[in-house]
Amino acid sequence: MGTTKLKTFLDWALKKAGNFETSEIPEDMLLQELLSRYEATKIPPCRICGGKLSVRRCGGGEPTVYACSPNMYDEKDNPILKPGRNGSVDKHYRDSEFIDYKHGGDSLVIELIDRYRKTKSLM
Ligand SMILES: [Zn+2]
């Protein structure tokens, strides 16, 4: 794909994401904006206990929802309760919710931005 086609694609992707005129935006900012919107989502640790979040809801075109599960797993992969948790959808579970609106990002867009930058640097 040539630089012009890539630029057209980037313009299209940014308009789709933000619905504003790309001609007003310096190219560096445009690429930075695209990267932040399409790079793979970093799932943060639980804001309450710092533990690893697990998927609570996903699919159906909805954003993926993560939460701090009341369970952890022993060395034989059997679920066991974390200390202080009762196994139900408790306050900790609800308050730890993290919503991934990016659906994990889009590696194709990231790859195209990378190629666009490399192509431009050769001109
Ligand atoms: Zn937690």
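Glycine 60 takes a positive phi near 65 degrees. This residue belongs to the hairpin of strand 1 and strand 2, where two residues lie between the strands. The model is a predicted one.

How do the two strands of the hairpin pair, and over how many bridges? Strand 1 covers residues 54–59 and strand 2 covers residues 62–67. Their pairing is antiparallel, with four bridges. Arginine 57 has valine 65 of strand 2 as its bridge partner.

Strand 2 also pairs with strand 5, residues 98–100. These two strands run antiparallel as well, and three bridges join them. Here threonine 64 stands opposite aspartate 100 of strand 5.

The table lists the two pairings.

| Strand pair | Sense | Bridges | A facing pair of residues |
|---|---|---|---|
| Strand 1 and strand 2 | antiparallel | four bridges | arginine 57 and valine 65 |
| Strand 2 and strand 5 | antiparallel | three bridges | threonine 64 and aspartate 100 |

Now put the strands together. They form an open sheet of three strands in the order 1-2-5, with antiparallel pairing. Why is one side of strand 1 and of strand 5 left without a neighbour in the sheet? Both stand at the edges, and each has a single partner strand, so one side stays without a neighbour. On average, neighbouring strands of this sheet are turned by 20 degrees against each other, direction ignored.

How values were computed: Residues are numbered from 1 along each chain as its sequence is written. This is a predicted model: local features need pLDDT of at least 70, side-chain atom pairs count only at pLDDT 80 or more; totals for chains, interfaces and linings use all residues. Two strands pair if DSSP finds at least two bridges between them. Axes are lines fitted to C-alpha atoms, for helices over the stretch in contact, and angles run from 0 to 180 degrees between N-to-C directions.
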